[in-house]
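The following exercises concern the arrangement of strands, helices and chains in a protein assembly. Please work through each task before consulting its solution.

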4 protein chains.
Amino acid sequence: MRRIAVMTAGADAPGMNAAIRSVARRSFELGYDVLMVRDGFEGLVRGEIEIMNKKTVSGILPLGGSIFGSSRVSSEFAVQNLEKIRSVLESNSITTSIIIGDRSAVAVAAVFDANSIPCVVVPNTIDNDIFGTDFSIGFDSAITTISDALDKLHSTASAHHRVMIVEVMGRQSGWLALYGGLAGGADFIAIPEQPVPIETLATHLKQRKEEGKDFSIVVVAEGYPVATHEPTVAGRPVAGYGLAEALASTTNLSIRVTVLGYLQRGGSPTVFDRLLATRLGLAAVNAVREGKSGILVGEVGQRIAFTDLKEATSQPHVIPADIVLEAKTFY
Amino acid sequence: MRRIAVMTAGADAPGMNAAIRSVARRSFELGYDVLMVRDGFEGLVRGEIEIMNKKTVSGILPLGGSIFGSSRVSSEFAVQNLEKIRSVLESNSITTSIIIGDRSAVAVAAVFDANSIPCVVVPNTIDNDIFGTDFSIGFDSAITTISDALDKLHSTASAHHRVMIVEVMGRQSGWLALYGGLAGGADFIAIPEQPVPIETLATHLKQRKEEGKDFSIVVVAEGYPVATHEPTVAGRPVAGYGLAEALASTTNLSIRVTVLGYLQRGGSPTVFDRLLATRLGLAAVNAVREGKSGILVGEVGQRIAFTDLKEATSQPHVIPADIVLEAKTFY
Amino acid sequence: MRRIAVMTAGADAPGMNAAIRSVARRSFELGYDVLMVRDGFEGLVRGEIEIMNKKTVSGILPLGGSIFGSSRVSSEFAVQNLEKIRSVLESNSITTSIIIGDRSAVAVAAVFDANSIPCVVVPNTIDNDIFGTDFSIGFDSAITTISDALDKLHSTASAHHRVMIVEVMGRQSGWLALYGGLAGGADFIAIPEQPVPIETLATHLKQRKEEGKDFSIVVVAEGYPVATHEPTVAGRPVAGYGLAEALASTTNLSIRVTVLGYLQRGGSPTVFDRLLATRLGLAAVNAVREGKSGILVGEVGQRIAFTDLKEATSQPHVIPADIVLEAKTFY
Amino acid sequence: MRRIAVMTAGADAPGMNAAIRSVARRSFELGYDVLMVRDGFEGLVRGEIEIMNKKTVSGILPLGGSIFGSSRVSSEFAVQNLEKIRSVLESNSITTSIIIGDRSAVAVAAVFDANSIPCVVVPNTIDNDIFGTDFSIGFDSAITTISDALDKLHSTASAHHRVMIVEVMGRQSGWLALYGGLAGGADFIAIPEQPVPIETLATHLKQRKEEGKDFSIVVVAEGYPVATHEPTVAGRPVAGYGLAEALASTTNLSIRVTVLGYLQRGGSPTVFDRLLATRLGLAAVNAVREGKSGILVGEVGQRIAFTDLKEATSQPHVIPADIVLEAKTFY
């Protein structure tokens with residue numbers, strides 16, 4: 001008899017509830033017991049675990065966030081609390097854990113696996129930085145939020161040329177900036193992977209002004225290294241304002257800044273994310289049924305793919321080079 | 001020197017303008033001339049063709065419909081007007097046509113190809129019935145409209161059990177019903193590929209009522225064969241109302257009908273469709289650059305794929321069997 | 001000490017939860033007890049009533065439908081169950097009931113009032129057919145759904161002239177059709193208050209076609225009397241299809257039908273409805289505080305207005321004549 | 001014979017195109033000539049004026065921004081260019097100008113009026129700071145953008161308490177912050193009209209944390225005076241980050257900032273704004289027909305109201321005291 005514990009871990013992202021629902025519905029269908037863990041690994045350590053039924057997942061498909069709650073912990077947390085975790089799972093007769101979450105959740109799952117605690121991971125993060133799946137659940141919803149913002153900015157034109165800087169999430173990577181910017185028709189996309197001198201950007205914007213363009217929209221990832229200096233407010237970098245200052249010091253362009261922040265994590269999942277969450281949740285339970293463990297369930301080339309957690313944690317998820325190249329056609 | 005004619009053909013769908021923009025931007029980048037054809041093949045026969053510039057495609061990315069206009073003609077139309085078409089293309093020194101459109105457009109393009117008129121097709125239809133691409137541009141936008149409708153219906157619960165029937169497009173196929181229904185959490189999905197006796201549906205709905213569910217949402221494709229009889233209004237079948245009548249005659253459930261109709265063709269394309277249109281438009285021009293012709297440019301397994309037009313027209317695009325099976329978990 | 005029972009009654013509508021939240025928050029602030037009644041008057045008769053706390057209303061502001069559930073009953077139901085109702089209210093020491101709902105709810109409240117059961121009504125119906133308030137909560141959300149649908153239809157143009165008929169709610173009145181149609185730029189609006197011969201509509205549409213318009217959008221209220229005949233399906237009139245048939249028999253226009261149905265009741269309330277619900281809910285509690293009873297709390301000319309329930313039930317809420325006149329400028 | 005010049009002036013706002021369309025449609029109906037002026041008063045001075053026809057306003061109802069373009073100039077600009085303006089208007093035989101715009105546009109119109117240049121103003125600004133109308137066109141759309149953002153933030157909850165600061169527009173006034181915050185269920189709203197010590201806010205947020213609330217959302221107007229210091233980036237104040245720094249220095253709360261910026265000016269107008277624009281545009285032409293001039297056309301208490309431009313420019317549009325008071329119930 002299978003008894004599955006389900007939890008959401010790491011930063012929350014759209015589609016977590018859709019994934020929970022899919023795991024639960026498939027488990028009910030197979031006659032498995034399903035238990036929910038509150039607040040991710042922190043709740044697991046505290047033993048906050050309870051049985052789920054059909055009512056638990058009724059109506060949650062379109063909801064943003066996670067009805068279970070989530071928490072972000074490091075892999076050290078898992079190492080330090082390993083016996084506590086093992087004891088909670090054993091006392092609840094859990095045969096496998098299904099962990100829905102981000103890169104930090106994959107790292108913790110790898111600790112589980114290295115210590116013979118059965119687990120399967122469903123990748124769910126707006127950052128799309130997990131190896132083993134073309135797209136993580138939540139990414140499409142986040143770039144939709146970015147693209148919607150660019151649509152709104154596009155509709156507000158000015159007689160005089162104005163530059164709109166939109167800061168999006170992405171400390172190490174430009175996934176969100178590049179895809180969101182492409183979908184929203186950005187006029188320049190600044191990603192950490194490809195820093196350019198501020199003069200290059202300034203020249204590009206001045207050219208657009210000379211071509212008679214009403215305005216320019218620049219999308220910048222929060223982790224983009226602004227060359228001249230790096231302003232921080234309340235201890236956090238503000239790449240959008242940093243870029244605004246740098247541009248203001250070398251051009252006479254009129255510049256406005258929008259910082260999307262946590263908007264990108266919120267909202268109802270898109271259809272793409274709902275279908276992906278549904279598919280991956282179902283595949284995760286099927287993997288459990290087949291006795292698989294220590295794997296991440298992803299979709300690669302439109303097909304379900306299983307990746308060993310050691311490989312998933314050791315590899316970065318790099319933006320395909322051809323997409324980066326293609327993007328250049330549009331700015 | 002390349003001179004490309006671009007046209008949108010068949011029923012319109014979200015993403016046509018995004019595809020036009022991508023074709024144009026890549027052509028400008030390569031130094032090609034690009035000409036726009038008004039109203040699809042009808043406009044082509046009438047010689048309504050003019051040169052495009054950067055202004056033509058400025059700001060069109062988020063727009064629904066097609067800025068060129070479109071028209072649906074049969075392949076016979078192409079056969080009958082072949083010399084006129086050839087003459088218009090030659091007098092404008094067109095080296096290749098890029099045709100953005102639905103299954104009827106593919107059929108016409110196959111006539112072009114069979115008669116040595118160079119062409120490349122970009123699949124763009126909400127029906128997703130074109131062989132050679134996992135998804136056609138526009139499909140994701142249409143299932144988003146369906147899913148949004150189901151979200152709205154879900155939020156309006158009643159004390160007494162009520163059945164909401166939502167009729168969606170799909171004469172021969174359940175692509176829209178199945179994917180839209182899955183994403184929106186439908187409680188039953190009736191697709192032409194898998195007719196069930198009305199008693200089966202009635203029993204399913206009565207069971208849900210007995211389980212204490214507030215209501216049930218049934219998604220039905222317009223081409224679903226309602227067994228008992230087939231009502232038509234103004235010469236068209238109305239599967240939604242047909243199903244309502246059939247259910248009303250065998251149960252005492254309270255039934256309401258929503259018919260989405262052309263809503264599904266409209267609206268701004270989703271991020272998925274914008275990115276797909278951008279990618280396929282770009283790949284179409286690259287194919288022209290490499291001297292390819294008589295092909296459809298699709299995306300299969302996340303990679304650009306070229307399919308011979310003979311193959312594209314001779315094969316149906318069947319819903320994957322595993323998806324149909326997976327869907328059963330949810331209703 | 002005040003003890004308030006809150007219930008939602010009649011057909012559900014966007015904004016009910018926002019109104020519940022406002023009533024509860026204001027009551028908590030004043031130190032009143034607030035109790036929730038399940039499923040409207042049916043739940044009241046069954047004694048399904050329980051105490052509310054801050055948690056009950058946390059996060060409900062944006063939710064569609066009613067977290068309490070609702071039910072539609074006639075005023076006879078109230079007459080027949082009067083002693084049961086009185087007994088439930090007394091046994092729970094309720095001093096006043098706040099009833100959030102539609103015209104049927106106002107009728108029941110009038111029975112309460114006539115029998116000395118203290119009550120205050122907050123008007124909440126997409127039909128906007130309640131006398132005593134310029135706008136009922138939910139109306140703006142419903143016309144937003146209609147207008148969004150028209151926006152989508154506008155974006156899907158055809159080379160050949162096509163007529164899109166959109167059937168909206170409104171058995172007796174054209175409130176939804178007129179306001180939704182005006183906001184969405186309809187080309188003709190057919191309301192029960194002003195039937196026109198089918199020939200007039202046909203002529204109007206043919207003129208538009210001759211003027212070179214790509215298409216026409218006709219909004220029709222479900223209660224619009226289609227002259228030639230009145231088709232029904234599953235026992236309900238289908239004005240949209242009726243109009244399609246009538247037009248098809250006198251013109252050669254290509255006609256498509258969309259039936260919005262219960263979509264109009266669903267979805268998150270608009271900002272307008274949230275603010276109105278917040279304001280009226282608060283005013284209802286303030287009215288209770290001042291000892292008022294037997295009244296409806298509305299907003300007239302941007303100011304809170306109290307209307308005696310006898311007056312509210314005896315008067316129709318007529319569309320202002322100047323709006324009907326103004327609308328003619330646009331079609 | 002009337003010949004009307006229409007222009008949009010000041011910062012752009014949703015609904016400008018809806019207002020243009022209404023002015024044009026009513027003018028066509030009355031047989032007046034209508035001319036459009038490009039880029040507001042700057043275009044007027046340059047003589048950029050041309051005749052409009054039905055095609056000009058076809059399909060513009062849902063579009064954000066202004067199809068004419070706009071520009072913000074001071075009343076001094078009008079004084080300095082008065083003879084040029086008079087000459088352009090006379091050479092085009094303009095009998096009246098209809099000016100759609102913000103407070104700066106009202107100021108310029110007052111200069112026109114003081115110099116016997118006939119004009120009528122339609123108030124259209126997200127700031128809602130124009131005296132003579134309960135609501136300016138565009139305000140409802142902007143608070144919808146704010147409320148949507150708060151809905152998204154609400155859906156992304158954290159296990160640990162987190163404070164989300166959302167900076168909205170409003171240099172001098174809290175209209176946007178108060179109404180947008182109320183509609184979106186903000187937990188604290190900081191408006192310039194009512195500065196509070198940072199300690200008061202810190203205490204409020206700590207209390208919420210102690211009550212077990214997952215997170216708090218604070219809406220702050222950009223003009224809110226953050227007591228401790230006033231950070232600027234690129235020469236502009238950043239109240240959101242200023243508040244974040246001030247809170248970070250007195251609490252150990254985890255704080256995140258979103259800056260909506262120009263998003264608030266963009267996007268398709270809401271139904272409320274479309275109906276208001278339609279009504280005020282129509283009333284403006286009717287006023288011209290009746291020979292009125294030097295007035296602003298607003299809606300007060302749901303009725304069309306005319307305000308003398310001298311009065312409109314001399315009075316501030318103050319947030320009603322009862323709304324400010326009511327808001328306190330919710331945070």
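Four exercises with worked solutions follow, and they refer to a predicted model.

**Exercise 1. The seven-stranded sheet of chain B**

Task: Determine the order of the seven strands in the open sheet of chain B, and identify the edge strands and the helices that pack on the sheet.

Solution.
Step 1. The strand order in chain B is E3-E2-E1-E4-E5-E12-E13, and the pairing is mixed.
Step 2. The edges are strand E3 (49-51) and strand E13 (303-308) of chain B, each of which pairs on one side only.
Step 3. From one strand to the next, the twist averages 30°.
Step 4. Within this sheet, strand E5 (residues 119-123) and strand E12 (residues 295-300) of chain B run parallel and are joined by two bridges. B:Val120 has B:Ile295 of E12(B) as its bridge partner.
Step 5. Helix H5 (residues 103-114) of chain B packs on the sheet, where it touches strand E1 (3-9), strand E4 (96-101), E5 and E12 of chain B. The direction of H5 makes about 170° with that of E5(B).
Step 6. Helix H10 (residues 271-289) of chain B also packs on the sheet, with E1, E4, E5, E12 and E13 of chain B as the strands touched. The direction of H10 makes about 140° with that of E12(B).

**Exercise 2. Strand E11 of chain B and the contact with chain C**

Task: Establish why E11(B) is described as largely enclosed, and state what E11(B) gives to the side of chain B that touches chain C.

Solution.
Step 1. A residue counts as buried if 20 or more other C-beta atoms lie within 10 Å of its own. Five of the six residues of E11(B) are buried, so this strand is largely enclosed by the rest of the structure.
Step 2. E11(B) pairs with strand E6 (residues 162-168) of chain B in the parallel sense, over six bridges. One such partner pair is B:Glu167 with B:Val259 in E11(B).
Step 3. The contact between the chains takes 39 residues from chain B and 39 residues from chain C.
Step 4. On the side of chain B, helix H2 (40-45), helix H6 (139-154), helix H9 (239-250) and strand E11 (254-259) each supply at least two residues. E11(B) gives the most, with five residues.
Step 5. By type, this side of chain B divides into 19 nonpolar, 13 polar and seven charged residues.

**Exercise 3. Chains C and D, and the pairs that do not touch**

Task: Find which helix of chain C gives the most to the side that touches chain D, and which chains do not touch.

Solution.
Step 1. In this contact, 31 residues of chain C meet 30 residues of chain D.
Step 2. H10(C) gives the most to the side of chain C, with seven residues.
Step 3. That side of chain C comprises 11 nonpolar, 10 polar and 10 charged residues.
Step 4. Chain A and chain C do not touch, and their nearest C-alpha atoms are 11 Å apart. Chain B and chain D likewise do not touch, their nearest C-alpha atoms being 11 Å apart.

**Exercise 4. Helix H7 of chain D**

Task: Decide whether helix H7 (residues 175-183) of chain D is mostly covered or exposed, and name elements that cover its buried residues.

Solution.
Step 1. H7(D) is mostly covered, as nine of its nine residues are buried. Among them are D:Trp175, D:Tyr179 and D:Leu182.
Step 2. The covering elements include helix H10 (271-289) of chain C. Chain D contributes helix H6 (139-154), strand E6 (162-168), strand E7 (188-190), strand E8 (215-221) and helix H12 (321-327).
Step 3. H7(D) is followed by D:Gly185, whose phi is positive, near 70°.

Note on methods: Residues numbered from 1 in each chain as written. Chains lettered and ligands numbered in written order. Predicted model: local features only at pLDDT ≥ 70, side-chain atom pairs only at ≥ 80, totals over all residues. Pairing = 2+ DSSP bridges. Helix = DSSP H or I, 4+ residues; strand = E, 2+ residues; numbered from the N terminus. Axes fitted to C-alpha atoms, helices over the stretch in contact; angles between N-to-C directions. Contact = placed C-beta atoms within 7 Å. Buried ≥ 20, exposed ≤ 12 C-beta atoms within 10 Å, placed from the backbone. Nonpolar A, V, L, I, M, F, W, Y, C, P; charged D, E, K, R; others polar.
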